[in-house]
Amino acid sequence: MAKYLTLDDVKVKDKVVLVRVDFNSEVDNQTKKVTSDVRIRAHAESTITELAEEGAKVVVLAHQGRKGDPDFIPLKQHTEILGKILKCPVQFVDDVYGEKAKKTIKNLKSGEILVLDNVRSFDGETKKGTPEEHAKTELVQNLAPLADLFVNDAFAAAHRAHVSIIGFTAKLPSAAGRIMERELKSLSKALDKPEKPCLFVMGGAKADDSLEISKYVLSNNIANMVLTGGVTSQVFLAAKGYKLGEKNIAFLEKKGLTGLIQGIKELMLKYPKGIVTPEDLVLDVNGKRKEISLAELPADYSIFDVGTKTIESYRKLVKEAKSIVLSGPMGVYENPEFAVGTKGIFEAIANSEAFSLAGGGHTISALKQFGLSSRISYISTAGGALIEFLMGKNLPGVVALENAVKKKIT
Ligand code: 3PG
């Protein structure tokens, strides 16, 4: 039996289908305008279109930001963007599970789409709990009786054991939406016996996540090598004993990353050939790039990129790889002066024949900036959920869908 049901397993015509999507998007903190439609478009063009075309009464449930944060805004704008993408009217109600929301749901006709307001305006939403505990909350108690089916399409939020992610699976027949399905299939391709050689290219500033992912993929024989870049590689170089210079060490300390050094040392002892660090670096000398070899460390200036030798050797490894997972830029790619390493290595990945998977906000922006997005085999819509998946963790949203099948709720 399938691990979880998909839209292929359920009939939705004339049914009220509650779809949890992840519309959480970048928002301009000043104007409060949604500045990216990537996630809205992904759900719109797959799951939402399919459900509406099949004649379901589609009720969309989503979050935006977190209470107290500047990007915590209602979903009215998201609804307008959704309507523009679908080129059809989409209803919005400024209520989540109150009388207004319930009345609008009851009046929906087959093929119509309704977006409920930001589900995080319900205080209990972000409390952790089991599906059974969450099924007792006001959100589930009010909405579940009006729905015939729950569809979880929010892979990007599946690492949260929140009410709207798992609570409905204890009450309603539940299936994965097309984005959830696509993400799980593509990500499993990268983690489940990937074609070898398999490279993980880990840049960016989240060295703690990179360390956890490296541990998992090296010890489980998923990746042959982890190539490091960005701030991550600085912590790895420090663990190798390189003196980066006061300014760079102070930066790593400020970010709380020097505490990782011992763990990295242990990992490198266990997998001496598994972790690859840059051979040369680029410093920001008054806004201009200056390449240095590792022998020239410590540096008085900030490290902002990897150097030419590193680009060349990473490109060679990329060329030989059959599967590549890419997460995080190699340097300060937003500034053309320091974008060379990221561009050079990302280009090699885009040009390679290997199955390539990329994810994370900065990685996606950099790929877009260099016009490489269409040449990556799969770009995930997720950030945190992708990281947890790559660490080998079970995602509560996925587990809940699997358990819903086991319990034969359907
Ligand atoms: C994300 O953008 O990673 C998801 O929407 C989850 O958002 P959260 O980190 O606020 O829970």
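**Sheets, packed helices and two residues of the N-terminal part**

H78 has a relative accessibility of 0% and therefore counts as buried, the limit for this class being under 20%. The model described here is a predicted one. H78 is a residue of helix α2, which spans residues 76-86. When neighbours within four places in sequence are set aside, the contacts of H78 are F23, S25, V34, I40, Q64 and I73. One of these contacts, F23, also serves as a reference point for R41: the C-alpha atoms of R41 and F23 are separated by 9.0 Å, and the two residues are 18 residues apart along the chain. R41 belongs to helix α1, residues 38-53. In contrast to the buried H78, R41 counts as partly exposed, because its relative accessibility is 33%.

Two open sheets are described next. In one of them, six strands are arranged in the order β3-β4-β2-β1-β5-β6, and the pairing is parallel. Its edge strands are β3 (91-93) and β6 (174-176), each of which pairs on one side only. From one strand to the next, the twist averages 25 degrees. Within this order, β2 is followed by β1. Strand β1 (residues 16-20) and strand β2 (residues 57-61) run parallel and are joined by five bridges. In this pairing, V19 stands opposite V60 of β2.

The other open sheet also consists of six strands, here in the order β9-β8-β7-β13-β14-β15, and its pairing is parallel. The edges are formed by β9 (275-276) and β15 (378-379), which each pair on one side only. Strand β7 pairs with strand β8 (residues 225-228) in the parallel sense over four bridges, and M202 stands opposite T228 of β8. Strand β7 (residues 198-202) also pairs with β13, again in the parallel sense, over five bridges. In that pairing M202 stands opposite S327 of β13. M202 thus faces T228 in β8 and S327 in β13. On the side of β14 (residues 355-358), β13 forms a parallel pairing over four bridges, in which L326 stands opposite A358 of β14.

Strand β13 comprises residues 323-327, and five of these five residues are buried, so the strand is largely enclosed by the rest of the structure. The side chains of β13 divide between two directions: S323, V325 and S327 point one way, while I324 and L326 point the other way, and all are buried. Helix α13 (residues 340-351) packs on this sheet and touches β7, β13 and β14. The direction of α13 makes about 145 degrees with that of β13.

Helix α13 is also packed with helix α12 (residues 308-320). Their axes come within 9 Å and cross at roughly 15 degrees. An angle under 35 degrees counts as roughly parallel, and α12 and α13 are therefore roughly parallel to each other. The crossing in which α12 passes α13 is right-handed. On the α12 side the contact is made by I311, Y314, R315 and V318, and on the α13 side by V340, G341, G344, I345, E347, A348 and I349. Sorted by class, the residues of this contact are seven nonpolar, two polar and two charged.

A further helix pair is formed by α8 (residues 207-219) and α11 (residues 261-270), whose axes come within 11 Å and cross at roughly 20 degrees. This angle makes α8 roughly parallel to α11. The crossing of α8 and α11 is left-handed, whereas that of α12 and α13 is right-handed. The residues in contact are L211, S214, K215 and L218 from α8, together with G263, I264 and L267 from α11. By class, the contact of α8 with α11 contains four nonpolar, two polar and one charged residues.

Notes: Residues are numbered from 1 along each chain as its sequence is written. This is a predicted model: local features need pLDDT of at least 70, side-chain atom pairs count only at pLDDT 80 or more; totals for chains, interfaces and linings use all residues. Side-chain values use heavy atoms; hydrogens and water are left out. Axes are lines fitted to C-alpha atoms, for helices over the stretch in contact, and angles run from 0 to 180 degrees between N-to-C directions. Angles under 35 degrees count as roughly parallel, over 145 as roughly antiparallel, 65 to 115 as roughly perpendicular and the rest as oblique. A crossing is left-handed if the near helix is turned anticlockwise from the far one by less than a right angle, and right-handed if clockwise. Contact means heavy atoms within 4.5 Å. Ala, Val, Leu, Ile, Met, Phe, Trp, Tyr, Cys and Pro count as nonpolar, Asp, Glu, Lys and Arg as charged, and the others, Gly among them, as polar. Buried means under 20% relative accessible area, exposed over 50%, partly exposed in between (1.4 Å probe, protein chains only). Two strands pair if DSSP finds at least two bridges between them.
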